[in-house]
Amino acid sequence: MHEQSEPTLSRGGVDPPLDERQGPAARTTLVVGPPGGWQALDVREIWRYRDLLYFLVWREVKVRYKQTVIGGAWAVLQPFMTMVVFSVIFGLLIDVPSDGVPYPVFSFAALVPWTFFATALARGGNSLVQDPSLLSKVYFPRITLPLAAVSSLLVDFAIAFVILIGMMLFYGIVPGVASLALPLFVVLAYVTALGVGFWLSAANVKYRDINYVIPVLVQFWLFLTPIAYPSSLIPEAWRALYGLNPMVGVVEGFRWALLGTESATSASLLVSAAAALLLFGSGMLYFRRMEREFADVV
Amino acid sequence: MSAVAVRAENLGKLYRVGGPRAAYGSLRESLVDAAQTPIRALRGGLQRPETFWALKDVAFDVGWGEVLGIVGANGAGKSTLLKILSRVTYPTTGHARLHGRVGALLEVGTGFHAELTGRENIYLSGAILGMRKSEIERKFDAIVDFTELERFLDTPVKRYSSGMYMRLAFSVAAHLEPEILVVDEVLAVGDAAFQKKCLGKMDSAAREGRTILFVSHNMPAIQALCHRALWLRDGRIVEEGPPASVVESYIASAVETGRFPLAEREDRSGDGSARIVSFEVESADADRVIRPGSRLVLRLGYRSDRPVRYPQFVITISDHLDVGLFLLHSEFTNRLPETLPPEGVVTCETDPIHLTPGRCIVHLELLKGNVQADLIPHAGTFEVHDDDVFGTGMMPPRDWVRYVLGQRWWLENERVPGEGVQS
């Protein structure tokens, strides 16, 4: 399927002209045919549907906490409760080291990006199957669905982030110049979440097993990421392999940028970034490949 | 540079057997499949999964401003064709060229969210249908006017009645204004007044020069709105031409299937909790032959697992072109008991029908309360036989009028009493 511009449009003698407002869109020819090969993201098509993307994000945000009593507070409460539990069990009882930072801030600084990521996997993974008629009854670039699901969680992330800042002030931690690098790590988390979200959402349409895989995956991933513990616990020899998990780079980065811990090495960060890009690229290709039969199998 | 708005060439769509829905399996199946494929290949040839063509060798053109109606039985490929044209799914073979902005309406209310208000859903649904935000804003008032639901605009749609919901959903879609509009049987929703409004909207869209492809089971609508019709059967085009003749051939063939025993008919809908299993119709006359002046006696056998509560039998009688003539409804006279035994026969006797000779089609429906238990379109037919009602051997022809009316004529001041026949 591709579009080509046509300079003029003859109407085959049928008189009443359509109104001119339809402008350039009217001058395209759409060819619908059998798809072939691997296709990259059609950025122009997504751009054309940017208003839809906006409304989908807006819908996600608007609907997420409908009919809950405390609404958006859940965005904060989820990571916050986990932080409390972690602080009691790992911080107090087991006395896990926390790189010289008070354990509650140490874990919360990791839980904020982690909650974003974990929720993104769940929401993104379900974004296509939750409303099958969107796939079988109307056309729009399918990728806007996981894109919107994951993007909408940035709002929750922002709310939780404010609490994180509050906690830092409470413990008297003032971030240094390194905090300017923070957006980089947010982007890293976002790209990783999108990559995994593309994989999971597309596979979920065909294999509903994914619904059951997601919670297990999130749990495994949690332990493979230095959230409850510092990555300094990982033996030096395994660090590179460990860094293949992009969330390691994200969490390390958050702690380094905000708390000034001495853990992020640029080498493992590069590994994380490369892994994230690989996930994103492959997820996108896989999504585009599977996309064609969504309507037939959903 | 195109003389046609839509050109389909050699369109085909292959599905795995069991219907498109059965085509998805579990991950395990795929893994096992993948592991076995090389082994099978060694054993001599791949065992291909069984497939069927939902659409095959379909080719047609639609001119600018033309309204093309697509008719066919359930499963004939109509919806698959529309899905391909609206880019929801891809053809397996061939391609379609669409020279203009395409808007598709395959379902009413796609993407509606129950928790959002009417206002919010207008924006969301508009964007899903492909409208820009500015476009929705511009048309917002017109959309709201069309719904006649101003008062409920800020109510979540989950509190809407189903009628209100449909109204809102269709109103958004009706303002899509693409150059090529693809519509699938969406007019079968809502109350009669709203349906009429929707048909009017389609008609005006056509008059504005929009190209419309329109699937419907509503034959009068096909004939009234379309310039040309296309009949699909088993994924292929059987006939293409003026709506009246295509509809007539289609109806004639649908009537053929009407000869199957009702209990074995598959082309029915409803939840199946009670089913109509037999149907017969004859006249109340001694010789049972149906003539223009006959009263009809219709007997519907039904079957269920348990007693049928609040039954409503609905019989629609339409003419040879499937234009409705009579609606017989057990609630009209309200003489059936509130609960019927699990199995039985219900009889309906009518007044004289006054129909011109020709074929009539009968559609049957059984409701329990508000739940549709069974619906069989084209359940059967009957023939109104010629009769010399006027004593002159003359009779108005069916292709001209449907009814024959008893009449008396005289020259004023010279009335001859007793002349003329009442049928």
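**Helix packing in chain A and domain contact in chain B**

Colleague: Happy to look at this with you! Which residue ranges does the domain assignment of chain B give?

Modeller: Keep in mind that this is a predicted model. The domain assignment of chain B gives two entries, domain 1 (61-254) and domain 2 (263-384).

Colleague: How far apart do the C-alpha centres of domain 1 and domain 2 of chain B lie, and how many residues does the contact take from each?

Modeller: The C-alpha centres of these two domains of chain B are 30 Å apart. In their contact, domain 2 of chain B contributes 8 residues and domain 1 of chain B contributes 9 residues.

Colleague: Which helix gives the most to the side of domain 1 of chain B that touches domain 2 of chain B?

Modeller: Good one! Two helices of chain B, α8 (219-225) and α9 (243-257), each supply at least two residues of that side of domain 1. The residues of that side divide into 6 nonpolar, 2 polar and 1 charged. The helix that gives the most, with 4 residues, is α9(B).

Colleague: Over in chain A, are α4(A) and α7(A) roughly parallel or roughly antiparallel to each other?

Modeller: Helix α4 (residues 103-126) and helix α7 (residues 182-206) of chain A pack with their axes 7 Å apart, at an angle of about 25°. Angles under 35 degrees count as roughly parallel. Therefore α4(A) and α7(A) are roughly parallel.

Colleague: And how many charged residues are in the contact of α4(A) with α7(A)?

Modeller: On the α4(A) side, the contact residues include Phe116(A), Phe117(A) and Gly124(A), while those of α7(A) include Ala193(A), Val196(A) and Ser201(A). The residues of this contact divide into 9 nonpolar, 7 polar and no charged.

Methods:
Residues numbered from 1 in each chain as written. Chains lettered and ligands numbered in written order. Predicted model: local features only at pLDDT ≥ 70, side-chain atom pairs only at ≥ 80, totals over all residues. Axes fitted to C-alpha atoms, helices over the stretch in contact; angles between N-to-C directions. Parallel < 35°, antiparallel > 145°, perpendicular 65-115°, else oblique. Contact = placed C-beta atoms within 7 Å. Nonpolar A, V, L, I, M, F, W, Y, C, P; charged D, E, K, R; others polar. Domains from an automatic or database assignment.
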